[in-house]
Amino acid sequence: MDWTNSTFWIALLEIVWVNILLSGDNAVVIALAARNLKPQHQRTAIIGGSFAAIVMRVLLTIFAVNLLQLPWLKFVGSLALLYIGVQLLMGEDDKDDDKDGASHSVWSAVRTILIADLVMSLDNVLAVAGAAASAPETMRTPLLIIGLGLSVPLIVFGSTLLLRLMERLPVIITLGAALLGWVAGEMALSDAGLLRWLQAQGGPVPAAELAGAVGAGLVLLIGFWQRRRTAQSTP
C-alpha cells in the first residue's frame, strides 16, 4: 500500500470526519448502557463496547451495499432499536454487587452497545463506504479499519462525558432514550419494503419527522408505563 498516495489521505480524512458527524447517537447508547454499572466497571464497558462496535462496523461497511438492498431489514432493525430504547429508559440493570454480577453486567452493557450500534450503523455505513470508494480498491479495507479505529477515542470521550452529565442531569437519560426512538422511527420509514407497502395502500407516505416523533413517543410511553408497573408490583 502506498502511504504517499494523496487519495488515501483524503479518503481517510473524509472517513474520520463522517464518523465525527455520525457518532453522536452511538455515544448516547454507550452512556445509557453503562450508566448503571459501578464507576470502576463503566470504563471497561465503554472501551470494550466501543472497540467491538467499531470492528463490527468495519465488517458491516464491507458488505453494506448488498445488505441494505434487503427489504424489511431496516424495519426489523428499527423494532430492535425501539426495544433497546425502552429497556435503557427503564434502567432494569441493577448496580453490580459482586465479581460475578459485575462480569454479567459489563457483558450485558457491551451486548446492548453492540446490538444498538449494529442497528444504527445501517445508514451510517453507506456514508463511510462512499468516502472509502474514492480511494484505490486495494486501499479501501485498510482505510475502513484505520478511519473507524481513529473514531474510537471520539466515541469513548463523548460517552464518558454524557455519563457524567447523566449523573447530574437525569433528564438526559429520558432525552437519550427518546433519541433512540426517533432514530428508529426514521429508520423504519426509510425501509424499501415498508415504503412499497405504504405506496401500495394508496395513502400518503408520512414525513420522516413524523415517523421519528412517533418512535420517540412510543419509547417514552412504553418505558414510563413499564416503570410505573414495576414500581407498583415491587413491595
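The side chains of Glu-167 and Arg-164 meet in a salt bridge, with 3.7 Å from N to O. I begin here, in what is a predicted model, and I will work outwards from this pair. In general terms, side chains of opposite charge can pair when their charged atoms come close. By the rule applied, the count of salt bridges comes to one. Both partners, Glu-167 and Arg-164, belong to helix 8, which covers residues 152–168. They stand three residues apart, about one turn of the helix.

How exposed are the two partners? Glu-167 counts as exposed, because its relative accessibility is 53% and the threshold for that class is over 50%. Arg-164, with a relative accessible area of 38%, is partly exposed.

Arg-164 has a further partner, and this takes us to helix 3. The side chain of Gln-42 makes a polar contact with the side chain of Arg-164, at 3.4 Å. Gln-42 is located in helix 3, residues 39–62. At 2% relative accessibility, Gln-42 is classed as buried, since that class takes values under 20%. Beyond its neighbours within four places in sequence, Gln-42 is in contact with Ala-34, Arg-35, Leu-37, Leu-163, Arg-164 and Glu-167. Both members of the salt bridge, Glu-167 and Arg-164, therefore appear among the contacts of this buried glutamine.

Let me now place these residues in the overall architecture. The protein has 11 helices and zero strands. Of its 235 residues, 45% count as buried. Among contacts with a separation of 6 or more, 86% are accounted for by residues 24 or more positions apart. The protein exposes about 12400 Å², and carbon and sulfur atoms supply 67% of that area.

Helix 3 deserves a closer look. Its 24 residues should span 34 Å at 1.5 Å a residue, and the end C-alpha atoms are 35 Å apart, so the two values agree. Its buried residues include His-41, Gln-42, Ala-45, Ile-46, Gly-49, Ser-50 and Arg-57.

Gly-49, in helix 3, is at 0% relative accessibility and thus counts as buried. Leaving out residues up to four places away in sequence, Gly-49 touches Thr-44, Val-110 and Ile-113. Gly-49 and Val-106 are 57 residues apart in sequence, and their C-alpha atoms are 9.4 Å apart in space.

Val-55, also placed in helix 3, offers a contrast with Gly-49. Val-55 is exposed, with a relative accessible area of 53%. Its C-alpha is 7.7 Å from that of Ile-145, although the two residues are 90 positions apart in sequence.

I turn next to helix 6, residues 99–132, where Thr-112 is found. A polar atom of the Thr-112 side chain lies 3.0 Å from the backbone oxygen of Ser-108. Not counting residues up to four places away in sequence, Thr-112 touches Val-29, Ala-33, Ile-84 and Leu-88.

The final helix to discuss is helix 11, residues 208–233. This helix has 26 residues and reaches 38 Å from its first C-alpha to its last, close to the 38 Å expected at 1.5 Å a residue. Which of its residues are buried? In helix 11, these are Ala-211, Gly-212, Gly-215, Ala-216, Val-219 and Gly-223. The cover over the buried residues of helix 11 includes helix 5, residues 73–90, and helix 9, residues 171–189.

There is also a nonpolar surface patch to consider. Leu-210, Val-214, Leu-218, Leu-221, Ile-222 and Trp-225 make a patch of about 580 Å². Trp-225, one of these, lies in helix 11.

I close with a point of backbone geometry. Most residues other than glycine have a negative phi. Trp-72, which is not a glycine, has a positive phi of about 70 degrees. Where does Trp-72 sit? Trp-72 is in the loop between helix 4, residues 64–67, and helix 5. With a relative accessible area of 36%, Trp-72 is partly exposed.

Note on methods
Residues numbered from 1 in each chain as written. Predicted model: local features only at pLDDT ≥ 70, side-chain atom pairs only at ≥ 80, totals over all residues. Heavy atoms only, no water. Helix = DSSP H or I, 4+ residues; strand = E, 2+ residues; numbered from the N terminus. Buried < 20%, exposed > 50% of the residue type's maximum accessible area, 1.4 Å probe, protein only. Contact = heavy atoms within 4.5 Å. Areas by Shrake-Rupley, 256 points an atom, 1.4 Å probe, with all protein chains shown as cover. Polar contact = N/O pair within 3.5 Å; in protein donor to acceptor, adjacent residues only side chain to side chain. Patch = residues over 30% accessible without salt bridge, like charges linked within 9 Å, V, L, I, M, F, W, Y side chains within 5 Å. Salt bridge = Lys/Arg side-chain N within 4 Å of Asp/Glu carboxyl O. Expected span 1.5 Å × (residues − 1).
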